[in-house]
Amino acid sequence: MTATIEALPRWDLSAAYPALESPEFVAGWQDSLAEVADLVRYFDEVVAEEDAESPLSGESIRAVESLIGRLNALYESIDTLGAYIYGHVATDSRDDRAQALLSEFEIRCLPLSKLQPRLVDWLGSLNIDALVQRSAVARDHEYLLRTYQVSARHLMSPAEEALAAELHLSAGSAWSKLNDNLTSQIAVPFEQDGQTRHLPMSEIRNLAHHEDRDVRRHAYEAELGAWESNAVPIAAALNSIKGESATLNARRDWTDPLDLALFQNHIDRPILDAVLTAVRESFPDFRRYLRAKAHLLGTEALAWYDLFAPIGTGGHRWTYAEAADFIVAQFGTFSDRLRDLAVRAFRDDWIDAEPRPGKVDGAFCMMLRRGESRILTNFGSSYNDVATLAHELGHAYHSLALSDRTMLQHTLPSTLAETASTFCETIVQEAALARAAPAEAVAILESGLQEATQTVVDIYSRFLFEQRLFAARTARELSVDELNRLMLDAQRDTYGDGLDASLLHPYMWAVKGHYYSVGDAFYNFPYTFGLLFGLGLYARYRQGPESFTTGYDDLLASTGMADAATLASRFGIDLRSPDFWQTSLDVLRRQIDRFLDLTDGGIAVPGDGA
């Protein structure tokens, strides 16, 4: 692949619609939203009270098949429409036209949200065993139907579910939107080289990777100051969202918010317990790495603003073009299909890589159309930015693997959503290490360990924070100071002596946007699961590459059609055994050991005059 990219790209959404004002968009808008209303009318007509008396009549089976077909078609058009609109908002939250359309879109889709619990209640009341025997369509969607059976037992009355859906737009959804808009528009005053500039939060947070410790410290202080200045409305959003979640969970007979999160993520408590047990046992190893990094940086203990500091001078500064070429080449070592996906993503402008005011921070991948994704990132020039690109392209590959499935078969738990992304990131990291001189190898290892520390150690701190937040929020709202204390306690419990306890990040509850979604309670542990599951699969791939690829693609294509334990068993993996998770963590322990060997236990960096 040859490409010369003078500036960081912005994504092209025109494959869906030419513009928000275009006739094609207007037609798509009208057709999709008309189908929402038509589907609600159809459901009212075909699902009569007497159906409950004979749920497996021929009429009922035809109704099930018709509903599944119409839902699949509707979700495909609605998802594209929503992604297209959000694609404008995510890259410029100041776009009033897009914001207005997004708000109207949510309101116009409200009947579909109100229909969902009624549909779950009806389908969940059917005899699924008999239904899948008599209907090929039902057999194709059996796993979803069985999850509906469980969900149906946790529904409020139809009137209460309808009211909850209607109020959600002015409650959790409104608070979530406020948080997105507010945080994406924060302009942080930052003094550098004698000048004060107002930088978007994404640029301030990117300075955590700066080689100058004073710059990192000043950016950290500026960031904390900005969060403090905006903390009251953000805390109000968090309290309201968690309050709504707790209220609805109790009304729906979920005794613990974690129970709902486990069900939504297609795992059970024994699996989570096995993961978290292995994670806790790995903390001493991560603290070894953090203490060694502190020594390399010449400080007694690592401050929060040192977590992403580059080590030595061996870190290659990557251009976007170099990153694209390298990723394409390494993906090709796994399969032509994976390589071709990356070629298409870079060639056809699937990626928005430029940090700029109004653009949301971080990175994500979203499906725009069947088999076609869009990736948002804020590209710098470190290896970490290359790894992020590879990670998000892994999500796009997962979407491609699902492209032959129906939309209802796309239902993807967060635990399995990280499988392909972790796998792709590991492919690129292993290749980068293989070609690297010792100093550069240290930089690559350090970048990977930075991310692993976030996904294993920091994620656990966020899990503890959210667990304690839910427990406290049942009694009352929490103040900014109380939220800060909860976060600091969780960080001390996980990082231990790996960080300077006086220089942590009390506002991480404001940083992480996942907290601000009613449907994303306990978003955190699935990332740890995903990292370790992906590493475990990569280890299996290295043992037998020839026989792995087909089974791997089949697994990705089936992530909405079976629970995690069933899918893992295809590779002989027992997710309820701590041994599997320890094996995955051993991959990270070996990286820590290699990092310590190359730096003489944190004394010096090869090639840095040592």
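The following exercises, each with a worked solution, concern a predicted model of a protein chain.

**Exercise 1. Overall make-up and compactness**

Determine how many helices and strands the chain contains, and why the chain may be called as compact as a globular protein of its length.

Solution. Begin with the secondary structure: the chain holds 25 helices and 5 strands. Next, compare two radii. The radius of gyration is 24 Å, while the globule rule gives 25 Å for 610 residues; the two values are close, so the chain is as compact as a globular protein of that length. Finally, consider the extent along the principal axes, where the C-alpha atoms fill a box of roughly 80 × 55 × 50 Å.

**Exercise 2. Interior, contacts and surface**

State what percentage of the residues is buried, and describe the contacts and the exposed surface of the chain.

Solution. A residue counts as buried when its relative accessible area is under 20%. By this criterion, 57% of the 610 residues are buried. Turn then to the contacts with a separation of 6 or more: 76% of them join residues 24 or more positions apart. As for the surface, the chain exposes about 24,400 Å², and carbon and sulfur atoms supply 49% of this area.

**Exercise 3. Charges**

Find how many positive and negative side chains are present, and how far apart the centres of the two sets lie.

Solution. The count gives 54 positive and 89 negative side chains. The centres of these two sets are 2 Å apart.

**Exercise 4. The hairpin of E1 and E2**

Decide whether strands E1 and E2 pair in the parallel or antiparallel sense, and identify bridge partners.

Solution. Strand E1 covers residues 187-192 and strand E2 covers residues 195-200; their pairing is antiparallel, over 6 bridges. Within this pairing, Val188 has Leu199 of E2 as its bridge partner, and Phe190 stands opposite Arg197 in E2. Between the strands lie 2 residues, and in this hairpin Asp193 adopts a positive phi near 55°.

**Exercise 5. The sheet of three strands**

Establish the strand order of the open sheet and name its edge strands.

Solution. Recall that strands of a sheet pair through backbone hydrogen bonds, either parallel or antiparallel. Here 3 strands form an open sheet in the order E3-E5-E4, with mixed pairing. Strands E3 (351-352) and E4 (364-369) are the edges, since each pairs on one side only. E3 and E5 (residues 372-376) run parallel and are joined by 2 bridges. Across from Ile351 stands Ile375 in E5.

Definitions and conventions
Residues numbered from 1 in each chain as written. Predicted model: local features only at pLDDT ≥ 70, side-chain atom pairs only at ≥ 80, totals over all residues. Heavy atoms only, no water. Pairing = 2+ DSSP bridges. Helix = DSSP H or I, 4+ residues; strand = E, 2+ residues; numbered from the N terminus. Rg over C-alpha atoms; globule rule 2.2 N^0.38 Å. Buried < 20%, exposed > 50% of the residue type's maximum accessible area, 1.4 Å probe, protein only. Contact = heavy atoms within 4.5 Å. Areas by Shrake-Rupley, 256 points an atom, 1.4 Å probe, with all protein chains shown as cover. Lys, Arg positive; Asp, Glu negative; His and termini not counted. Charge placed at Lys NZ, Arg CZ, Asp CG, Glu CD.
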